[in-house]
Amino acid sequence: MCYYLIGDWMRKTISAFLCAISFIYTIWYMHFGIPYKHSGALSKIGITHKGLFLIWGAITFLALAYSICIAYRRYLKTKIYIPLLAISGIGMILFLCFDFDYDNKLSYYLHCTGSLLFSVVMGTTIFLLFLLCYKKALVFKVLTYLCAATLIIDLVMLLIFKENALIEALPIFAGFIMLNTVILRRDKVEIKQ
């Protein structure tokens, strides 16, 4: 019994630690550009700082994927998150390996396809977690609506203002916070007498 408690505590700690590291690294990485301008998009910064961009992508994917695995295993019996994370991971690889270069059309399209795959599938995976747990607790109802609102607001902002670091980071930061909200929460335990 004690083994499982320590294991669960360690998984929660690792998830929170990875998300915190990714959050801090993303904020630091954004300082290489102007976060609220199109020229400050994470991909644009990656053209001049390729190594830092690769680190950002790896840490961000790892933090989100690890937290998603923990949350799905804790609250659901479905394994739908596994193929979704694989697709999202392929998207992140394309996003990181091909440059955001208008002059090289193939590279540009693969980069944009990867970015879209990563963000849409990762966002869908997180939203699906909350939706499938909707009836389990009030926190899941609230997070379902918050997640949907975050994704819709981010899409509208992207269409209006084009991409920039703030618009790209908003759903990632929201994902870190929402996932760790359900991972770190204590479940109510009924004591039978």
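**Note on a predicted all-helix model**

1. In this model, which is a predicted one, the residues Asp8, Arg11 and Lys12 are linked with one another in a network of salt bridges. Side chains of opposite charge can pair when their charged atoms come close. In the first of the two contacts to look at, the side chains of Asp8 and Arg11 meet with a distance of 4.0 Å from N to O. In the second, Asp8 forms a salt bridge with Lys12, and here the closest N and O atoms are 3.5 Å apart.

2. It helps to ask where these partners sit along the chain. Asp8 and Arg11 are separated by about one helical turn, because they are three residues apart in helix 1, which covers residues 2–30. Asp8 and Lys12 also both lie in helix 1, four residues apart, and this spacing is again about one turn of the helix. As for their surroundings, Asp8 counts as partly exposed at 26% relative accessibility, and Arg11 counts as partly exposed at 38%, whereas Lys12, at 15%, counts as buried. The label given to Lys12 may surprise a newcomer, but it follows from the cut-off, because buried means under 20% relative accessible area.

3. How many salt bridges does the structure hold? The count is three, and the one not yet described joins Asp99 to Lys50, with the closest N and O atoms 3.2 Å apart. Asp99 lies in the loop between helix 4 (81–97) and helix 5 (105–132), while Lys50 lies in helix 3 (residues 50–75), so this pair ties together parts that are 49 residues apart in sequence. Asp99 counts as partly exposed, with 34% relative accessibility, and Lys50 is likewise classed as partly exposed, at 28%.

4. Turning to the overall fold, the protein has seven helices and zero strands, and read from the N terminus on, its elements run α-α-α-α-α-α-α. The radius of gyration is 18 Å, close to the 16 Å that the globule rule gives for 193 residues, so the protein is as compact as a globular protein of that length. Taken along the principal axes, the C-alpha atoms fill a box of roughly 70 × 30 × 30 Å. Of the 193 residues in the protein, buried ones make up 41%.

5. The aromatic residues deserve a paragraph of their own, since the count comes to 18 aromatic pairs. One of these pairs is formed by Tyr29 and Phe32, which meet edge-to-face, at 6.4 Å centre to centre and with 65 degrees between the planes. The pair is called edge-to-face because its angle falls in the class of planes over 60 degrees apart. The two partners can be set side by side: Tyr29 counts as buried, at 0% relative accessibility, whereas Phe32 is partly exposed, with a relative accessible area of 33%. Both residues belong to one aromatic cluster, which is formed by Tyr25, Trp28, Tyr29, Phe32, Phe53, Trp56 and Phe95.

6. Are there cysteines that pair up, and what is the count of disulfides? The count comes to zero. In the case of Cys97, the closest cysteine sulfur is that of Cys112, and at 15 Å it is too far for a bond. Cys133 is in no disulfide either, and the nearest cysteine sulfur, which belongs to Cys147, is 12 Å away. Cys133 counts as buried, with 0% relative accessibility.

7. On the surface there is a nonpolar patch, formed by Ile152, Leu155, Val156, Leu158, Leu159, Ile160 and Phe161, and together these residues have about 720 Å² of accessible area. Ile152 may serve as an example from this patch: Ile152 lies in helix 6, which covers residues 138–161, and this residue is exposed, with a relative accessible area of 53%.

8. A last point concerns Leu117, which lies in helix 5 and counts as partly exposed, at 28% relative accessibility. Leu117 and Leu62 are 55 residues apart in sequence, and the distance between them in space, from C-alpha to C-alpha, is 16 Å.

Terms used: Residues numbered from 1 in each chain as written. Predicted model: local features only at pLDDT ≥ 70, side-chain atom pairs only at ≥ 80, totals over all residues. Heavy atoms only, no water. Patch = residues over 30% accessible without salt bridge, like charges linked within 9 Å, V, L, I, M, F, W, Y side chains within 5 Å. Areas by Shrake-Rupley, 256 points an atom, 1.4 Å probe, with all protein chains shown as cover. Helix = DSSP H or I, 4+ residues; strand = E, 2+ residues; numbered from the N terminus. Buried < 20%, exposed > 50% of the residue type's maximum accessible area, 1.4 Å probe, protein only. Disulfide = S-S within 2.5 Å. Phe/Tyr/Trp six-rings, centres within 6.5 Å; stacked < 30°, edge-to-face > 60°. Rg over C-alpha atoms; globule rule 2.2 N^0.38 Å.
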